Amino acid sequence: MLLEKKNAIVYGASGAVGSEVARTLATEGARVFLAGRTGSALEAVAAEIRASGGVADVATVDVLDENAVEAHADAVVRDAGSLDVSFNAISLPQTGIQGTPIAELSLDNFALPMTTYPKANFLTARAAARRMTGQGSGVILTITASPSRTAVPLMGGMAPAWAAIEALSRGLAAELGPHGVRVVCLNAAGMPESPQLSEVYGLHADAYGISRDAFRSRMEDRTLRKRLPTIAEIAAVAAFVASDRAAAITGAVANLTGGMVVN
């Protein structure tokens, strides 16, 4: 197993992406600590992991609360002995954020992703970095999406927020590399089975006056594979990048767009 004897925190672990990543990390041998705002939803994911023979712990954590994030990281290290992987998969409802021209957005709706995503990723990555540098090892994973690197209309503050996370990841990698800590950002295209993406595609489809299926086909046609990546594919890469087999990868923004973005 890729992650045997590793301890991993997954923030936003009850969401579509976070839960699949948590399940995959557990399948690869990691003990996963599921963090998020809704305890019942986290417990449901933990039950699935345990039923499959994995080990999962649950904690209600507001990732925008500095003290809560730090206290939880301390509890993980105290309980498990180390913090080896940190992955932030939080999300926001997108109604009012995407699907509206920037010139028509309110300041609050533009600013919400700009303040939420970079702040949350800073707090969770900082908490991980402080503990990983002390042990001389660890991997911090972030996730963004293809509009951070392409000219896509109707994204509001999402694309700038994702670009900020990518810049943060590169800076952290430069500072933490000498301490044995790697930082990798996963840049994905839309994963069609995600409820959030269904919401987003609906917003964009309405803006263009087409059906959701037509908009999805438009996005699929922009990829080299002519299909969008799945959540399982993203999770599989996350597990590999978190493992020692990917020891040469840091400071990178991994292209998981299926060819929607070509580097």
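This passage describes salt bridges in a predicted model, with particular attention to Arg-126 and the residues around it.

Side chains of opposite charge can pair when their charged atoms come close. A search of the whole structure for such pairs finds 16 salt bridges, and three of them, together with one network, are described in the paragraphs below.

Arg-126 lies in helix 4, which spans residues 107-135. With a relative accessible area of 18%, Arg-126 is classed as buried, because the value falls under the 20% limit that is applied to buried residues. When residues up to four places away in sequence are left out of the count, Arg-126 touches Glu-66 and Glu-70. With Glu-66, the side chain of Arg-126 makes a polar contact of 2.6 Å. With Glu-70, the side chain of Arg-126 forms a salt bridge, for which the distance from N to O is 4.0 Å. This pair links distant parts of the chain, since Arg-126 belongs to helix 4 whereas Glu-70 belongs to helix 3 (residues 66-80), and 56 residues separate the two in sequence. Glu-70 also counts as buried, because its relative accessibility is 13% and the limit for a buried residue is under 20%.

The pairing of Arg-126 with Glu-70 can also be placed in a wider setting, as a network of salt bridges links Glu-66, Glu-70, Asp-74, Arg-126, Arg-130 and Arg-131.

Another salt bridge is found between the side chains of Asp-244 and Lys-6, with a distance of 3.5 Å from N to O. Here, too, distant parts of the chain are linked, as Asp-244 is located in the loop between helix 8 (231-242) and strand 7 (252-256), while Lys-6 is located in the segment before strand 1 (7-11), and the two residues are 238 residues apart. Asp-244 has a relative accessibility of 55% and therefore counts as exposed, the limit for that class being over 50%.

A further salt bridge joins the side chains of Arg-227 and Glu-233, where the distance from N to O is 2.8 Å. Arg-227 has a relative accessible area of 35%, so this residue is partly exposed, with a value in between the limits for buried and exposed residues. Glu-233, at 28% relative accessibility, counts as partly exposed for the corresponding reason.

Key. Residues numbered from 1 in each chain as written. Predicted model: local features only at pLDDT ≥ 70, side-chain atom pairs only at ≥ 80, totals over all residues. Heavy atoms only, no water. Helix = DSSP H or I, 4+ residues; strand = E, 2+ residues; numbered from the N terminus. Polar contact = N/O pair within 3.5 Å; in protein donor to acceptor, adjacent residues only side chain to side chain. Contact = heavy atoms within 4.5 Å. Buried < 20%, exposed > 50% of the residue type's maximum accessible area, 1.4 Å probe, protein only.
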